[in-house]
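Dear colleague,

Please find below the structure for your review. My notes on it follow.

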Amino acid sequence: MPLTRLFSKIWKEARTTAIPKSDKTKLHSVQGYCGISLLSFPGKCLERLVIERLNYYLESTVQLSPQQYGFTAGRSTADAIKTVTEFVCHSRNLGLKCSLLALDIAGAFDNAWYPGILAQLWKLKCPPNIYSIVRDFLRERAAHIALGNAVSSKKVSKGCPQGSVSGPTLWNILISSLIEILSKAPDVKIVVFAEYIMIMIQGPSHSAILTTLQGTLRTIEDWSKDHKLEISKEKSALMPMFIRKREEYKRHPTIVAWGIKVVSKMRYLGIIRDCKLDWFPHTQQLENKSLRIRNSLVRCSKGTWGMSFHTLTTIYKHAILPAITYASEAWSIALSKRENVNFSKFRDLFLYL
């Protein structure tokens, strides 16, 4: 049955619920809340049908970039972490210098620009019936929010609806245009997971890397302006690999102008990556986390009351062990001797519960 080219207007109206974020210092402002859109059931059914058709087209024609790891079937955060690790190891084996630049797009889903999404859909040669209904789906959207006895309504002209099934796919389509541009640059590799962008640059010297970095940041800045987006400089960081003195990076005019932090370790997709690639900070974090969990379990199971051994074993196997071994396929093979000792120590913490 062919898809209609119209999306009912009433189905595009969202009832927004404000959910407080964990940072209580921001609860006095809008930034302290996350808005979840409650959409009509018939609208979500039609939306899912359209997005499944769109996803099938994108996958069958291999339209989306392989550098996108978020919201992609058969890919995970562990795959993205492993790709970055392999790039660093490969660069070192070739005798090249390399640096990692982690960027975060501020309010990515809230600020996804509809004309940019539609332009990229057109470029990807989306079938006319799917393109038409997606265009109508993004047109004349409205959101209503109730606080106490007051109700406020607003026309929505940008942003993927929070809570919708279309958000991840539409964002992947939008960000694919940036991936396409950066993939053409020499000595630059990119890994994207949702709004998190990892730029990997290699070169014969750190001066060459800084020159490439300058052009890459200019390209990203131009793309962001064209698509009405902004890079969160507070969450962005640059980490030169296998280097002790980072003054050359810290003093570079472009890095100073952007306000990018030059660091020796960074958190990326749930793991802590360090400039030596020996994973010592990550194993330290795991040891401290495991010790806190273990002490909490000990308090719950002391004396003649509390959890049974079977219950503790179940918690360990299905809750604690997955947290300890998260993305271990990417970092366990690169552990140095002191990290192996560290890893064995916090792994054995639970043997004496």
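Which elements cover the buried residues of α3? They include α1 (41-60), α4 (128-137), β4 (141-147), β5 (150-156) and α5. Cover here rests on contact, meaning heavy atoms within 4.5 Å, and elements are DSSP runs numbered from the N terminus (helices H or I, at least four residues; strands E, at least two).

The model is a predicted one, in which local features need pLDDT of at least 70 and side-chain atom pairs count only at pLDDT 80 or more, while totals for chains, interfaces and linings use all residues. Residues are numbered from 1 along each chain as its sequence is written, and side-chain values use heavy atoms, with hydrogens and water left out.

Helix α3 spans residues 114-123, and its buried residues are Y114, G116, I117, L118, Q120 and L121. Buried means under 20% relative accessible area, with exposed over 50% and partly exposed in between (1.4 Å probe, protein chains only). After α3 comes K125, which has a positive phi near 60°.

Two of these α3 residues, L118 and L121, are in contact with V134, as are V50 and L170, leaving aside neighbours of V134 within four places in sequence. V134 also belongs to the largest nonpolar core, which has 55 residues; together with I105, W171, I175, I197 and I199 it touches the most other members. Helix α5 (residues 167-182) gives the most to this core, namely eight residues. Another core, of 30 residues, lies apart from it and includes A78, A102, V263 and A327. A nonpolar core is a set of buried Ala, Val, Leu, Ile, Met, Phe, Trp, Tyr and Cys residues joined through side-chain atoms within 4.5 Å.

As to the sheet, five strands form an open one with mixed pairing, in the order β6-β7-β3-β8-β9. β6 (188-193) and β9 (261-262) are at the edges with a single partner strand each, so one side of each has no neighbour in the sheet. β6 runs antiparallel to β7 (residues 196-203), and six bridges join the two; V191 has M198 in β7 as its bridge partner. Strands count as paired if DSSP finds at least two bridges between them.

Finally, the lining of the second largest pocket comprises 15 residues, of which L58, E59, L64, T72 and A73 lie nearest its centre. α1 supplies the largest share of this lining, three residues. A pocket is an open set of points on a 1 Å grid over the protein atoms alone, where a 1.4 Å probe fits, with protein on both sides within 12 Å along at least five of seven lines; lining residues have an atom within 4 Å of a point.

Yours faithfully
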